Amino acid sequence: MTQPAEVSVDRSDVPEPTPAEDATAGEIPADLPHLLRELFSGRRGESHVVAIQDYPDPDAISSALAYREIARPFGIESDIVYDGLISHPENLALVNLLEIELIRFTEQIDLSRYDAAVFVDNQGTTTRLTGRLRNAGIPTFAVIDHHDPQDLLDPIFSDVRPLGAAATQFAEYLASGAFLELDPGNSVHVSLATALLHGLHSETSSLIRATGSEYDAAAYLSQFADRVLLERVLCVQKSRGTMETIHAALGRRILRGGLSLAGVGCLRWADRDAIPQAADFLLKEENVKTAIVYGMLAEGNGSESLIGSLRTNDATLAVDAFLKSALGMNSSGRYYGGGRLRAGGFEIELDFLAGAGDDTDEREEKWVIFDRQIRRKLFEAAGLDKKVE
Ligand SMILES: [Mn+2]
């Protein structure tokens, strides 16, 4: 380990990712943690920006925290930055209870002060920071993610494997002992293990979608996690806005051929995360295989968008392809929707049509049109359009 590989790293040993569905309890390639350690030792004194997706979930938050802790012994300081919002109550609880320091991007933050960028639980396609970091001239040091390879970034270190969660990758790094030994008496380590356990629990729908690797990771993390804290993070009550959105979704849902579709109307920005929670809820109904909930969201700055979430327990549904073909792309070639195994989402900016101000009638008229349009496209793509009213 004398000559840290600065630029060229042979990635031929990194296994070719296969669809997440086929993931088995594969062993972590033994050289990955050691390769990362070697790279860390050549970067002492650096400051890294860990970019997580715009609407960070527990998998992303805990993975970023893990990166910070494994890099710290090498004299590398990391800031965890996101350019969006944390609104899901469970995610807020995680951040607050574990006192996780996250930085929300604003124009005042000078990204050029960082030496390198790291992407965890994403590959640069779900965070607006990618373009900002590129503009600031920040090189990409590492990409550590469990989604299908997207080849947008060209990192020095890449670990993109089809696992149930990014938290699993970091649990494997920790278990390898290449970076630090977790100590059950160290409160930072206990917080980290608790956060990762929560990350992989929530990312795999309470381990239902877990592979063997997630069970191995959970077994390892459970030696250090704080169960009382974990319970407090998990048992967060739903906000009033979320309850109202679920109520609207139940009242407005249209059931057809195993698809439950609900347009919930206009939403407050703070209730954005009510959409996926409502989709989760609709999926519980008998005979429902796929649930899609969408609504119209007004941002403080006057911009508006339609956002939606898809949840399915139909293993044969190719979520990503379904949403891409149903909703298409915008004029700059960016798809409105996409997804992974059993979950997906979409976001359609209203651009010129945005901004009804306080005129609720105008907003309601707009909603009626968009609602009908989205409903038609989704039913058509699902082959259920014959009976559209
Ligand atoms: Mn994830």
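The following exercises, each with a worked solution, look at the strands, helices, cores and loops of this structure.

The structure is a predicted model, in which local features need pLDDT of at least 70 and side-chain atom pairs count only at pLDDT 80 or more, while totals for chains, interfaces and linings use all residues. Residues are numbered from 1 along each chain as its sequence is written.

**Exercise 1. The parallel sheet**

Work out in which order the 6 strands of the open sheet stand, and which of them are at the edges.

Solution. Begin with the terms: helices (H or I, at least four residues) and strands (E, at least two) are DSSP runs, numbered from the N terminus, and two strands pair if DSSP finds at least two bridges between them. With these terms, the order of the 6 strands is β3-β2-β1-β4-β5-β6, and their pairing is parallel. At the edges stand β3 (103-104) and β6, and each has a single partner strand, so one side of each is left without a neighbour in the sheet.

Next, follow the pairs one by one. Strand β1 (residues 47-51) runs parallel to β4 and is joined to it by 4 bridges, with valine 49 having alanine 117 in β4 as its bridge partner. Strands β4 and β5 are also parallel, with 4 bridges, and here valine 118 stands opposite alanine 142 in β5. Between these two strands the chain passes through helix α4 (residues 129-135), giving a β-α-β crossover that is right-handed, a term used if, with the strands pointing away from the viewer, the path from the first strand over the helix to the second runs clockwise. Finally, β5 is joined to β6 by 4 bridges, again parallel, and isoleucine 144 has aspartate 159 in β6 as its bridge partner.

**Exercise 2. One helix and its two sides**

Compare the expected span of helix α9 (residues 240-252) with the distance between its end C-alpha atoms, and find which residues of α9 are buried.

Solution. The expected span of a helix is 1.5 Å times one less than its number of residues, and for the 13 residues of α9 this gives 18 Å, which agrees with the 18 Å between its end C-alpha atoms.

For the second part, a residue counts as buried if 20 or more other C-beta atoms (placed from the backbone) lie within 10 Å of its own, as exposed if 12 or fewer do, and as partly exposed in between. By this rule Thr242, Thr245, Ile246 and Ala249 of α9 are buried. Seen down the helix axis, the buried residues of α9 fall within an arc of 100°, so they line one face of the helix; the arc is that of the directions from the helix axis to the C-beta atoms. Arg240 and Gly251, on the other side of α9, are exposed.

**Exercise 3. Two nonpolar cores**

Find which residues touch the most other members of the largest nonpolar core, and which helix gives the most to this core.

Solution. A nonpolar core is a set of buried Ala, Val, Leu, Ile, Met, Phe, Trp, Tyr and Cys residues joined through C-beta atoms within 7 Å. The largest one has 61 residues, of which Val50, Ala51, Val120 and Leu196 touch the most other members. Helix α2 (residues 58-71) gives the most to this core, namely 8 residues. A second core of 34 residues is separate, and includes Ile246, Ala249, Ile292 and Leu378.

**Exercise 4. Two residues with positive phi**

Decide for aspartate 151 and for arginine 342 whether each is buried or exposed.

Solution. Aspartate 151 lies in the loop between β5 (140-145) and β6 (157-160), and its phi is near 50°, a positive value in a residue other than glycine. Aspartate 151 has 12 other C-beta atoms within 10 Å, and is therefore exposed. Arginine 342 is placed in the loop between β11 (337-340) and β12 (343-349), and its phi, near 70°, is also a positive value in a residue other than glycine. Because arginine 342 has 20 C-beta neighbours inside 10 Å, it counts as buried.

**Exercise 5. An antiparallel hairpin**

Describe how β9 and β10 pair, and say which strand β10 is joined to by 7 bridges.

Solution. Strands β9 and β10 pair in the antiparallel sense over 9 bridges, and tyrosine 294 stands opposite glycine 308 in β10. The two strands β9 and β10 form a hairpin with 5 residues between them, and glycine 302 in the turn has a positive phi of about 95°. Strand β10 is joined by 7 bridges to β12, and these strands run antiparallel. Of the 9 residues in β10 (residues 304-312), 8 are buried, and the strand is mostly covered.
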